[in-house]
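Reader: I'm new to this and a bit lost when I look at a whole protein at once. Could you pick one spot, zoom in on it, and then show me how to read the rest in the same way?

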Amino acid sequence: MEMNEQYCFTITYKNEGQRHYDLRTDTEAECNAWIDNVKRAPYSKVLEQKEELEQKHLHLLQILDSERQSKWQYVQQTEELGQEVKKIRTELQKFKKERIVSNHSVDEETDELKKIKKVQSFFRGWLCRRRWKQIVELYIRSPHAESMRKRNSIVFNMVECEEEYNRQLSTLVTCFLRPLRMAASSKKPPISHEDVNSIFLNSETLLFLHQIFLKGLCARLENWPTLVLGKFSAGDLFDMLLPMLCIYQEYVRNHHYSLQVLAEYKQKTEFNALLKRYEEKPVCEGRSVEVFLTYPMHQIPRYIITLHELLAHTPHDHEERQSLEYAKGKLEELSRVTDIPCRLERKRTEEGIWPNHLYLSIDNNGVEEFCVSETL
């Protein structure tokens, strides 16, 4: 580009060289503005933009052609599906007509069919009831059912005895142990705390233990008729007592000494009067404190009797037989170690007082039961 004094400028093409344009402006400012604008707008960029637009146009044309083809295919498919729908409708109408005709023929025979079906249903029901009655009668007469009835009866009796034992321990604790502890804390105590502990030892612990044991038995009764079957069985309940046998062992060994301490205090007038006032409570039912102290002594023998009876009516392949045998062995071992039968016999001969309960003498021949009257 060349600029002269008349405010003219020339545009030439370097590639061709022959073509050029002479342009003129009125002022110098306009001439400079034209030159700047021409420099800022090269022709090559305009050509590139043109090519990009042409490519986009071609791409859009191809998309339009493909959409037209797909549209034509979809139209053909809809026409074919419409023809199939028409065929299905005609077949459905034919089927409905045939069904109506068949229903008319069936309705003509409904009365007879109803009578036949009613007779058949009555006869089938009678056969089912007759067969079920035979099965139930056969099971009731079977040895297994008789064994289960005896087994359940043993468990029911065990629950009743456990409830009575809980009442006895509760009476011992509430009517004797706790009042004597309060008396021992008075200004003029009739008995010391050490002697109270020597007489009653771990009675409260036994009460707490057997309350838990009774709750476990009552929970098993809620699962009737599967009384002692299942994952949690009667054997599991006795297993729960086994770690606590050391408490019974301690109580049994202390029993003779506790009665000696009690006999010494009963020679005191003040203590004897206080004790008689406790024994006159209605809940004691005329029983002395010695009777209540002796109740835990027959609990282990009672459990051994119950386990022997349960095992006698428990099949050898029963799931809880092994746990019952293990519990029985542990209780018998405790009875031998603590010599419970001999201690009870010595108690009976020395003092002449014994509640009306069972105790055991265990030897190689089995279990021998003894019943001792309350007074000799």
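Author: Sure, let's zoom in on Glu 164, which is partly exposed, with a relative accessible area of 30%. Keep in mind that you're looking at a predicted model. The side chain of Glu 164 has a partner: Glu 164 and Arg 167 meet in a salt bridge, with 2.7 Å from N to O. Arg 167 is partly exposed too, at a relative accessible area of 46%. Where do Glu 164 and Arg 167 lie, and how many residues apart are they? Find helix α4, which covers residues 143–184: the two of them lie there, 3 residues apart, and that's about one turn of the helix. So if you follow the helix from one to the other, you go about one turn.

Now stay on helix α4 and slide along to Arg 181. This arginine forms a salt bridge with Glu 204, and the closest N and O atoms are 2.9 Å apart. This pair isn't a within-one-helix story: Arg 181 belongs to helix α4 while Glu 204 belongs to helix α6, so the salt bridge ties together parts that are 23 residues apart in sequence. In terms of cover, Glu 204 is partly exposed at 29% relative accessible area, and Arg 181 is partly exposed at 27%.

For another pair inside one helix, jump to α12, residues 321–338. Lys 328 and Glu 332 lie there, 4 residues apart, again described as about one turn of the helix. Their salt bridge has its closest N and O atoms 3.6 Å apart. Are these two buried or exposed? Glu 332 counts as buried because its relative accessibility is 9%, below the 20% cut-off. Lys 328, at 16%, counts as buried as well. Going back to Arg 181 and Glu 204 for a second: along with Arg 178, they are joined into one network by salt bridges that share partners. Across the whole structure, a search finds 7 salt bridges.

What about cysteines? A search of the whole structure finds 0 disulfides. Why is there no bond between Cys 31 and its closest cysteine sulfur? That closest sulfur sits in Cys 8, 7.6 Å from the sulfur of Cys 31, so it's too far for a bond. Cys 175 is in no disulfide either, and its nearest cysteine sulfur, that of Cys 284, is 4.4 Å away. A disulfide needs the two sulfurs within 2.5 Å, so that distance doesn't qualify. Cys 31 is buried, with 0% relative accessibility, and Cys 175 is buried at 6%.

Next, look for a greasy bit on the outside. Leu 58, Leu 61 and Leu 64 make a nonpolar surface patch of about 250 Å². Leu 64 lies in helix α2, residues 43–107, and counts as partly exposed at 38% relative accessibility.

The backbone has a couple of odd spots, too. Most residues other than glycine have a negative phi. Leu 201 goes the other way, with a positive phi near 50 degrees. You'll find Leu 201 in the loop between α5 (193–200) and α6 (203–221), and it is partly exposed at 26% relative accessible area. Glu 285 also has a positive phi, near 55 degrees. This glutamate sits in the loop between α9 (269–279) and α10 (289–294). Glu 285 counts as exposed because its relative accessibility is 62%, over the 50% cut-off.

Last stop: the empty space inside. How many cavities of 30 Å³ or more are there? The count comes to 2. The second largest holds about 40 Å³ of space. Its lining is made by Leu 209, Leu 241, Met 244, Leu 245, Tyr 248, Ile 300, Tyr 303 and Leu 331. The elements that give two or more residues to that lining are α8 (245–266) and α11 (299–312).

If you'd like to practise, go back to Glu 164 and Arg 167 in α4, and then to Arg 181 and Glu 204, where the partners come from α4 and α6. Ask of each pair where its residues lie and how exposed they are, as we did here.

Key
Residues numbered from 1 in each chain as written. Predicted model: local features only at pLDDT ≥ 70, side-chain atom pairs only at ≥ 80, totals over all residues. Heavy atoms only, no water. Buried < 20%, exposed > 50% of the residue type's maximum accessible area, 1.4 Å probe, protein only. Patch = residues over 30% accessible without salt bridge, like charges linked within 9 Å, V, L, I, M, F, W, Y side chains within 5 Å. Areas by Shrake-Rupley, 256 points an atom, 1.4 Å probe, with all protein chains shown as cover. Salt bridge = Lys/Arg side-chain N within 4 Å of Asp/Glu carboxyl O. 1 Å grid on protein atoms, 1.4 Å probe; cavity = no way out; pocket = protein on both sides within 12 Å on 5 of 7 lines; lining within 4 Å. Points joined across faces, edges and corners; volume = space filled by probe spheres on them.
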